[in-house]
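Here are some short exercises to work through with the model open beside you. Try each task yourself before reading its solution.

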Amino acid sequence: MARKTFPTSKRAAIWRAHKRLCIYCTELVTFADLDVDHIVPNHLKDKPEQLSKLLDEYGLSNDFDVDGLLNLVPSHRHCNLQKNKKILSKSRVIHFLSIAESKYNKAREIEYKLKEQAKKDNFLISVQIALEVGLTSLNELTQLVNRYEECHNMFEVLTVLPFVNCELKGFMSSLDVESLYDLPILPRTCGLDKLTLVKLISHKEEKIEVVTCSEWVEAVSDGFYALTTNDIKEETLFKNVYSLVVALSQARTPKYSFISDQKVSIANFDLLPVTLLPALSSDSIKELQRLESEGIHIPDLIAQGRVKVVSSSPLTLTLHYDGMGLYLNEILRADLNDDGIEDLLLGSYEWALEGTFGAGGSVALTRLGIDHPFTVTEHIELNVRETWCQAGQSDLRKQPSFRPRRRHSLPGLILDELAKNRHPGKGRGGY
Ligand SMILES: [Zn+2]
């Protein structure tokens, strides 16, 4: 029978798994001088009866693979030749077989890795050649990578976002944030078609009008704020879009979920922190913090008649608490702070039951385990950092807000064209 030759990946795997030592003399063997030796002789494959008898003697099953890693060991060429001249004792053979067995997993792992590396090298060589001969261009490859990235980090936006002439809903990725940032927002809850922000400069009120999220961020970072009741209400939508821009730029597919996997949503109000309840003054914020520290939950407040659940669905929740209304709606589910755990991005809106006040924003919640309640997600900044400088003071305390990097525009979005003359004053659900 002809000498058996093995692929380089198998030879190298056996050699490395045995720490490059010859099995017979236990000295180092170079790869150039390496013989891969069969412990149970290869030539016996031509003499099945003899092979079967031998396998039986060594306590091996009849389907033992003579060419398998359990029967292959590294040796020097000369050691192998010497061995072939004499008959090994049964105990020696069993000893070598046990060594081969102890190296089996390691050898298999090395062989697999070497093969994968070779495939990868071949692929990269092919790509490089294709680029060199002009079979493909860098641009085409970049587009391919972008499309791949886009498809693998798409997240469903669960609420309808009203913009001028269109509503956005559906799957978006970090590639969409720049477009969201520059799309004119339609703040029509109170019939306004733009948002007016003010700032006091030397006791004089300066006004600025904004339509897009980026204009709003710039103005708010510069110390402008909404003053009238209607502007404060409308600003909610700008805050929601901004939080979505931030969330999408950081969104990852979660490794663990204690929300979706446990079929939990904001409808499970017993899991929500009491600090989410509406609070108008710093006193009522302190009151909620006190309740939280005392371990009071929303069901306790329902029992006391202080909280009333007005309506709930898997994506929305409306509560009344101490003369205030609270509306929560789910915007996005994803890992938002790179801890591997799924978070919820929520829009929130609170209003006075007897009065005209209404204001909203966004909050991110997470659930860190099966037995855990919802807690506010850490390490994500959903609000624009405002300058707290009074007129005439320097801008030393001004901090830059999040700004998305420019990518390309709205590829994965569902755009619903709407009639241009939208109902002025038509409210959004729950507001
Ligand atoms: Zn040797």
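The exercises below go from confidence to a sheet, a helix pair and a single residue.

This is a predicted model, in which local features need pLDDT of at least 70 and side-chain atom pairs count only at pLDDT 80 or more, while totals for chains, interfaces and linings use all residues. Residues are numbered from 1 along each chain as its sequence is written.

**Exercise 1. Find where confidence in the protein chain is lowest and where it is highest.**

Step 1: Start with the average. The mean pLDDT (the predictor's confidence in each residue, from 0 to 100) of the protein chain is 84, and 86% of its residues reach 70 or more.

Step 2: Go to the extremes. Strand β14 (residues 414–417) has the lowest confidence, a mean of 37, and strand β2 (residues 72–76) the highest, at 96. Strands here are DSSP runs of E with at least two residues, and helices are runs of H or I with at least four, numbered from the N terminus.

Step 3: Look for low stretches. Residues 387–400 stay under 50 in pLDDT, and the model gives them 16 contacts beyond four places in sequence; a contact means C-beta atoms, placed from the backbone, within 7 Å. Over residues 406–431 the pLDDT is also below 50, with 48 contacts beyond near neighbours in sequence.

**Exercise 2. Work out the strand order of the open sheet that contains β5, β6 and β7.**

Step 1: The order is β6-β5-β7, with antiparallel pairing; strands pair if DSSP finds at least two bridges between them.

Step 2: Because β6 (204–210) and β7 (225–226) each have a single partner strand, they stand at the edges, and one side of each lacks a neighbour in the sheet.

Step 3: β5 (residues 195–201) joins β7 over two bridges, and Val198 stands opposite Tyr225 in β7.

**Exercise 3. Describe how helices α1 and α4 pack.**

Step 1: Helix α1 (residues 8–17) and helix α4 (residues 90–132) make an angle of about 140°, with axes 8 Å apart. Axes are lines fitted to C-alpha atoms over the stretch in contact, and angles run from 0 to 180 degrees between N-to-C directions.

Step 2: The α1 and α4 pair is therefore oblique.

Step 3: The contact includes Ala13 and Ile14 of α1, and Ile110 and Leu114 of α4.

**Exercise 4. Is Gly170 buried or exposed?**

Step 1: Gly170 lies in strand β4 (residues 166–172).

Step 2: Gly170 is partly exposed because 14 C-beta neighbours lie inside 10 Å; 20 or more would make a residue buried, and 12 or fewer exposed.

Notes:
Two residues are in contact if their C-beta atoms, placed from the backbone, lie within 7 Å. Angles under 35 degrees count as roughly parallel, over 145 as roughly antiparallel, 65 to 115 as roughly perpendicular and the rest as oblique.
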